Structures are given as C-alpha cells and as structure tokens.
Amino acid sequence: MATAQIQHSPSPPPQPPVAQTPGPHAAQFQKLFADALSHVLRTCSYSKFSSCFPTPAKYASQTLTSIWQQITTKVEASAKKEFEDIMVERDVVAGLNELERLVAEAKGRRKNGVEVREPPHTLPPERLFLAHLAPYLTQTETELDGELKRLQAENEELVDGIQGQQEETERLVGGLETFIADWERANEVMGNEIDGNGVKKEIADIEQEFRAAGREAKL
C-alpha cells in the first residue's frame, strides 16, 4: 500500500550559532574582573594584615603568615568560582558575542548607506517622553479643534441674533420717534384751538412720557 507523501512548509532558517569562545568584549570583561580582584588582594597585604594582630605577628609570625596566605587564597578562589558560575548561569560570553555581532551588522549597514534607527535605550528622556505622549497630544489637539469650531459656530449664531435684535430695536425706536413727531405737529395745530391750561398740561405730560420711552428704547 503506497503511503502519501506529506509536504511540510519550509521552516525559517535558524539563527547562526553564537560562539562560546570569548570575543573582544567578553575577554575585556574577564580581564576587568581579574584586575579588580588582584587590586583587592594587593590591598590586603601581609603588612596591613599583621598590623591588626601585633602580638601574633611578633611572637608567631610564621603562623600568622600561613593564616594570611590561606585567607587570601580562599578569597581569591571563592571570588573566581562565583564569577565563573555567574558567567555560565547568565551566559555572559554568548550575550557579549551576540552584542558584538549586532554592532558589526549595524556598522556594516551604516557603511553601506542603510538607515539605522537609534536604539531606544540611547535616546534622551525628553524624546522618549514625547514619543509616548505624542498620541495623547494628537488626540487632545483634535478634540480641542472640534470644540473650538463648535464654539465659533455658536458665537456666530449669537452675533447674528444680537444684530437682529438691534435692527428690530432701531426700527421700533424709529417708529416711536415718527409717532412723537406726528404728535408734536398735531399738538401745535390743536394748541391754538384748545383753551385751558389743564388740557395743555395733560398733553405736555403725555409728550414727556413718549420722549422718555424713546430714550429708554435707544439705550
């Protein structure tokens, strides 16, 4: 019985292996630790150690020297072991080698004219803050612009309403002034025919009321 051959989609190519041999950065890091440890051990010299124990240094210097050598040897061995354990646990060599590879690739792309973006951890805090704040500021600006346009439209409607009221008031005031003028002419015509101070006084009071109403309407 023939078996059907199953075709699988090609998997992406694997990443190139990272060498475990210390590269320049890893070697420099190990040298830095070794120099620091040597400096610490030199600082703890026998002369400084024996000054802390003057009596044994005077009467049992060989024994004190042996103790000092055992302590410094123990400290050196312990520090080196812990350092090596951390290097293995954190895979420091592989990490530093990978960093060197990425740096070399970035330099190659830059040399060939390929744009290389700045790593985020190298950007100043101000640019990072503005980059995170930019979407919020854009949204806020859009909302404020819409609100401003709405207020401008309402203000235009309000101005149109006020202008209409002013025109209506001016029309009413003009009609009132015309009425007062007609009343004054009628009063002049009738003044000669009407006798008695009482009627003239009443007409004068009515005229003052109309004039006062006209001035209030103008205000």
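How many helices and how many strands are there in the protein? In this predicted model, the protein has seven helices and zero strands. The order of elements along the sequence is accordingly written α-α-α-α-α-α-α. Of the 219 residues in the protein, 10% are buried. The surface exposed by the protein amounts to about 18,500 Å², and 59% of this area is supplied by carbon and sulfur atoms. When contacts between residues at least 6 apart in sequence are considered, 64% of them join residues at least 24 apart.

Helix 4 covers residues 61-89, a run of 29 residues. The distance from the first C-alpha of helix 4 to the last is 42 Å, close to the 42 Å expected at 1.5 Å a residue. Buried positions in helix 4 are Leu64, Thr72, Phe83 and Met87. These buried residues pack against four helices: helix 1 (24-43), helix 2 (46-51), helix 3 (54-59) and helix 5 (92-111).

Helix 4 also contributes to the surface. Ile71 is located in helix 4 and is classed as partly exposed because its relative accessibility is 38%, a value that falls between the 20% limit for buried residues and the 50% limit for exposed ones. Together with Ile67 and Val75, Ile71 forms a nonpolar surface patch, and the three residues have about 220 Å² of accessible area together.

A contact to helix 4 is found at Ala57, a residue of helix 3. Ala57 has a relative accessibility of 22% and therefore counts as partly exposed, since only values under 20% are classed as buried. With neighbours within four places in sequence set aside, Ala57 is in contact with Ser50 and Leu64; Leu64 is one of the buried residues of helix 4. Tyr46 is eleven residues from Ala57 in sequence, and the C-alpha atoms of Ala57 and Tyr46 are 10.0 Å apart.

The loop between helix 4 and helix 5 contains Asp91. Asp91, just after helix 4, has a positive phi of about 55 degrees, and this positive value occurs in a residue other than glycine. The relative accessibility of Asp91 is 38%, so Asp91 is counted as partly exposed.

Helix 5 follows this loop. Its 20 residues should span 28 Å at 1.5 Å a residue, and the end C-alpha atoms of helix 5 are 28 Å apart, so the two values agree. The buried residues of helix 5 are Val92, Val93, Ala94, Leu96, Asn97, Glu100 and Ala106. Helix 1 and helix 4 are the elements against which these buried residues pack.

Among the buried residues of helix 5, Glu100 was examined further. Glu100 has a relative accessible area of 19% and is therefore buried, as this value is under the 20% limit. Apart from residues up to four places away in sequence, Glu100 touches Gly23, Pro24, His25 and Ala26. A polar atom of the Glu100 side chain lies 2.5 Å from the backbone nitrogen of His25.

How values were computed: Residues numbered from 1 in each chain as written. Predicted model: local features only at pLDDT ≥ 70, side-chain atom pairs only at ≥ 80, totals over all residues. Heavy atoms only, no water. Helix = DSSP H or I, 4+ residues; strand = E, 2+ residues; numbered from the N terminus. Expected span 1.5 Å × (residues − 1). Buried < 20%, exposed > 50% of the residue type's maximum accessible area, 1.4 Å probe, protein only. Contact = heavy atoms within 4.5 Å. Polar contact = N/O pair within 3.5 Å; in protein donor to acceptor, adjacent residues only side chain to side chain. Patch = residues over 30% accessible without salt bridge, like charges linked within 9 Å, V, L, I, M, F, W, Y side chains within 5 Å. Areas by Shrake-Rupley, 256 points an atom, 1.4 Å probe, with all protein chains shown as cover. Salt bridge = Lys/Arg side-chain N within 4 Å of Asp/Glu carboxyl O.
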